[in-house]
Amino acid sequence: MSRNFRRAGAAVLAALTATALVACSSEQAPQGEGGEGESAGSSTDTITLGFSQVGAESGWRAANTKSIQDTLTAENGFDLKFSDAQQKQENQIQAIRSYIQQQVDVIAFSPVVETGWDAVLEEAKAAGIPVILTDRAVDSEDDTLYESFIGSDFVLEGQTAGEWAVEQYDGEGYKAVELQGTTGAAPMIDRQQGFADAIAGSDIEIIDSQTGNFTRTEGKQVMEGFLQKYDDIDLVFAHNDDMGLGAIEAIEAAGKVPGEDIKIITVDAVKDGMQALADGKINFIVECNPLLGPDLAEIAKKVIAGEEVQKRIVVEDQAFDQEAAKEALPDRQY
Ligand code: GYE
């Protein structure tokens, strides 16, 4: 993972188009050992791809699933087998094993948590089936267990959020609470780390931190608990929009004004989040682009054709303040 990749300056508000691919690793995976039955370069051969999705926990996830299902179509040369793991690692392992049994051409998945994948990935390797990671990383010593990892730099997202908080609020003695994503998930671990690094040395203090599992319902519940426990919360850092939107409901129910009495910073920039930002209820959102379908299709085709692929493809993200959200909303795709 690219933990040493720092964005120059604080918030980048410049408009970038869709997903820009940035090679940040010179390593290349050995190619060409999977994909039996598909002849390289033939556009008429269908690629059977088994995809194990994390779940349906958030607006981000819905947009990500749609992007994958809309891209990996029969017209585009794919036979997509899709399963939803309902945020459970054992379901994902089961789905991957079943794809191995079915001898699919490629397996792709977004690992719900970072650790515990080596055994099943070794089974896929032994069966000669290439694996592509999308969205979330695995924590494994052996990077020959997958061909490529396509996704955002979550540490950078946390840092961008923290740098903006420091720029806006340092010197006010702000007390912050953190709504964390799913425990052990790459975006939870990395966004926490990036944010903590960025606020270190400022007078913003995180007084409590708890998981809301990336869902609106749990984000609301956790925020209700925080509001009962503390009467001096100034800032919420939510690891995704949905938990931030849940927090807004809890804050309003407690008779406070979100975005004013309690400032809110989130990650994702899905439509509902952007609307709340434009409405002044959220103060800043760091984008995480969910439209990974086209990149996945391209990498899968290359892997099957025996072409070289980049081991790490970093999806570039923007960040939005309230004014930028008002401008971006009309053209927002997700
Ligand atoms: O931020 C969150 C989703 O892994 C980047 O998962 C993804 C995260 C996203 O539930 O909304």
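The following dialogue explains how several terms apply to this predicted model.

Biologist: Which conventions apply to the model and its numbering?

Modeller: The model is predicted, so local features need pLDDT of at least 70 and side-chain atom pairs count only at pLDDT 80 or more, while totals for chains, interfaces and linings use all residues. Residues are numbered from 1 along each chain as its sequence is written, and side-chain values use heavy atoms, with hydrogens and water left out.

Biologist: Why is aspartate 135 called buried?

Modeller: Its relative accessible area is 3%. Buried means under 20% relative accessible area, exposed over 50%, and partly exposed in between (1.4 Å probe, protein chains only); aspartate 135 is therefore buried. The residue is found in the loop between strand 5 (131-134) and strand 6 (148-152); helices (H or I, at least four residues) and strands (E, at least two) are DSSP runs, numbered from the N terminus. Its phi is near 75°, a positive value in a residue other than glycine.

Biologist: What makes serine 98 buried, exposed or partly exposed?

Modeller: Serine 98 has a relative accessible area of 26%, so the residue is partly exposed. It is found in helix 2 (residues 89-101).

Biologist: How do you know whether helix 7 is enclosed by the rest of the structure?

Modeller: Of its 13 residues, 10 are buried, so helix 7 is largely enclosed by the rest of the structure. Among the buried residues are Met243, Leu245 and Ile248.

Biologist: How does the reach of helix 7 (residues 241-253) stand against the expected span?

Modeller: The expected span is 1.5 Å times one less than the number of residues. Helix 7 has 13 residues and reaches 18 Å from its first C-alpha to its last, close to the 18 Å expected.

Biologist: What makes the pair formed by aspartate 135 and the ligand a polar contact?

Modeller: A polar contact is a pair of N or O atoms within 3.5 Å; within protein, one must be able to donate a hydrogen and the other to accept it, and residues adjacent in sequence count only if both atoms are side-chain atoms. An oxygen atom of the ligand is 2.8 Å from an N or O atom in the side chain of aspartate 135, which meets the cut-off. For arginine 191, the corresponding distance to a ligand oxygen is 2.8 Å.

Biologist: Why is phenylalanine 214 counted as buried or exposed?

Modeller: Phenylalanine 214 has 3% relative accessibility and therefore counts as buried. It lies in the loop between strand 8 (205-211) and helix 6 (216-229), and its phi is near 65°.
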